[in-house]
Amino acid sequence: MQYPDTEFKEKIISSIIISAATVSSLLLLAMLIFILRESWPIWSQIGVSGFLSGSSWKPLNTPPEIGILSMIVSTMWVAGGALLIAAPLGFGCAVFLAEFSPRPLAAILRPVINMLTGIPSVVYGFLGAAVLVKFFEVKFDLASGESLFAASLILAIMVIPFIVANSEAALRSVASEYRHAGIALGVSRQYLTLRILVPLARKGMLGALVLAFGRAMGETMAVLMLAGNTLRMPGSWFDKGEPLSALIALELGSSTPGSFHYQALFAAGLVLVLMVIAVNIGINLLFNRLQKRGDDFI
Amino acid sequence: MKKAIRDKLLLGWFWVSGLLILVILLAIIIYLIWRGGPFINSQFILESPRGFPLGTEGGIFPAIKGTLWLILLALVVSFVPGLLTAIYLSEYGRSGRLAEIINLLVQSMAGIPSIIIGLFVYAFGVVTLGWGISLLAGGLALAIMIFPVIVVSSRDALLAVDENYRLVANSLGVSKSYTLYRVILPRAAAGITAGLLLSLGYAAGATAPIMVTAAAVIASSSGALLEPVMALPYHLYILFNEHLSLNYAYATALVLVSLVLLLNILALLLNSLQERMSKQ
């Protein structure tokens, strides 16, 4: 039994903790609402479809032209391209770590992957611009080697660690019965991994990929330094472009608060955030659908 | 037979991709040391940027100082709310409905691009509250950015503490807050500290949020809250982008990477200490 004053003290402490947790978690919603409020004039005057489908960005003209289609397309090219490069390597490395790597090598690789996530994105962007872009310029005799492709390549290196860590966890979480049954039946290690473990872990590996996609879409510095930053609609992966994150970082400081330009940047920010959130909600829905179809056919 | 060949090829691919990751990290670090190492000396570390244009000579001392101020401020702002949220999730809420929602919000917050946090703090702090481009605004932006990292790592450290401690304390009639303070927190301390170090490293390297809220090309970084500061990642960006000095850019990158990796390695060591402690 507790004494009344202790009980009172306990109540106070727990309510402090509950309110602190609630208030600080609501910060996310506060941020979204604030950004929505700042960008409101854009949505009410130009409209959602006009803003999303317009491909001309001249916010200082009179009347201002603001459409962010070319930035959205650039964002998708850069992030999608990064996954295209990162997925085979990331999955390969995850399978290697989970099943094939000799123990001492795995003991080195895991912290290495950890450290790769630690390297700041501006350093990746700098190395990409100073080494990779220079290489493209010399090798292919280009006036400037920046392109969506260069940005994708560096982004791929940045997201590989996330893909590896999450897919390795998925592979390891496959119930050990499958492993034991496979070994008891005398199938080879390759067969066990490729035909049993990987199909069973497919869901988690797909989730790792989607998380990496969300990360790649929001990445700013590396993309800013490598994508070339032209406001035209990119025609291919090897064109220049300016993804949403780069647009905001480059123009926010020079826009007059309260102007159309300023509001349009907040609208672009809102679009970027909603794209990232949609991707994350998308995988949750996908998982639930897969769950309903039953675990026998994953 | 065909299948056997395919399996061999795939196996080869697994080895290649595993080793490639190792090669990439080694290449980055060796290249940075090779290009930046020769320019790091006491003058580079301890002097302010000089020359014309500014930054082509001298050192990066104000940028180092500014980065330390920024991450310290971020930690001061988000440590208490982060730890309290983690305590709620692991000790009070557990699997309740509210804890579920908070978990989801924290997870979504971790996915928010850092430039969006910069955008928010710019509108809220820099413009609306009139702070201007300042250490305070940058510290706040970084604090919001590392908040979910602190919550998740502290929560996991707390959850890793053996459940028996809670059961025993409870059955002896020890109050919840006393158990938490004297039994659970000390056993999770190493893991919580590791999470803090990781989040400091994350904050030290973040560029996008401070680029729009705090960073200046040149500043004394005295620690005054309402003045702009220099910061290592932004200084690196400026050195390279404005073609000031490629050599100094490599050297700055090396200093920044060393700082971040040092924090990461300390965190790794503490984490393995935590694993041993929570098993005791």
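In this predicted model, helix H6(B) is bent: a kink of about 35° lies at Ile146(B), shortly before the proline Pro148(B). Even so, the helix runs about as far as one would expect. Its 25 residues should span 36 Å at 1.5 Å a residue, and the end C-alpha atoms are 35 Å apart, which agrees. Hardly any of H6(B) is left open, either. Of its 25 residues, 23 are buried, so the helix is largely enclosed by the rest of the structure.

Much of that setting is nonpolar. The largest nonpolar core holds 190 residues, and those touching the most other members are Leu155(A), Val159(A), Ile163(A), Leu70(B), Leu119(B), Leu142(B) and Ala203(B). Helix H6 of chain B (residues 135–159) supplies the largest share of this core, with 17 residues. Domain 1 (2–39) and domain 2 (45–279) of chain B both give residues to the core, so it lies between them. A look at Leu70(B) shows what the packing involves. Leaving aside residues up to four places away in sequence, Leu70(B) touches Leu135(B), Gly138(B), Gly139(B) and Leu142(B), together with Ala203(B), Ile210(B), Ala214(B), Val229(B) and Ala231(B).

What about the two domains themselves? Chain B is divided into domain 1, covering 2–39, and domain 2, covering 45–279. Their C-alpha centres lie 30 Å apart. Where the two meet, domain 1 of chain B puts in six residues and domain 2 of chain B seven. On the domain 1 side, three of the residues are nonpolar, two are polar and one is charged.

Further along chain B, the loop between helix H10 (232–241) and helix H11 (246–279) contains His243(B). This histidine is a bit of an oddity. Most residues other than glycine have a negative phi. His243(B), though not a glycine, has a positive phi of about 55°. His243(B) is also exposed, with 10 other C-beta atoms within 10 Å, where 12 or fewer is the cut-off for that label.

Chain A is built from 13 helices and two strands. Its C-alpha trace spans about 75 × 75 × 35 Å along the principal axes. Of its 298 residues, 44% count as buried. Among the contacts in chain A with a separation of 6 or more, 74% are between residues 24 or more positions apart.

Chain A has a kinked helix H6 of its own, made of residues 121–139. The kink in H6(A) is about 35° and is centred on Gly128(A). From first C-alpha to last, the 19 residues of this helix reach 25 Å, close to the 27 Å expected at 1.5 Å a residue. Gly128(A) is itself buried, and so is the run from Ser121(A) through Val122(A), Val123(A), Tyr124(A), Gly125(A), Phe126(A) and Leu127(A), as well as Ala129(A) and Val133(A). Just after H6(A), Asp141(A) takes a positive phi of about 55°.

Finally, the two chains meet over a sizeable set of residues: 64 from chain A are in contact with 61 from chain B. On the chain A side, helix H1 (residues 4–25) brings the largest share, eleven residues. By class, that side of chain A has 43 nonpolar, 19 polar and two charged residues.

Definitions and conventions. Residues numbered from 1 in each chain as written. Chains lettered and ligands numbered in written order. Predicted model: local features only at pLDDT ≥ 70, side-chain atom pairs only at ≥ 80, totals over all residues. Helix = DSSP H or I, 4+ residues; strand = E, 2+ residues; numbered from the N terminus. Buried ≥ 20, exposed ≤ 12 C-beta atoms within 10 Å, placed from the backbone. Expected span 1.5 Å × (residues − 1). Bend = angle between axes of the 7 residues up to and from the residue. Nonpolar A, V, L, I, M, F, W, Y, C, P; charged D, E, K, R; others polar. Core = buried A, V, L, I, M, F, W, Y, C linked by C-beta atoms within 7 Å. Domains from an automatic or database assignment.
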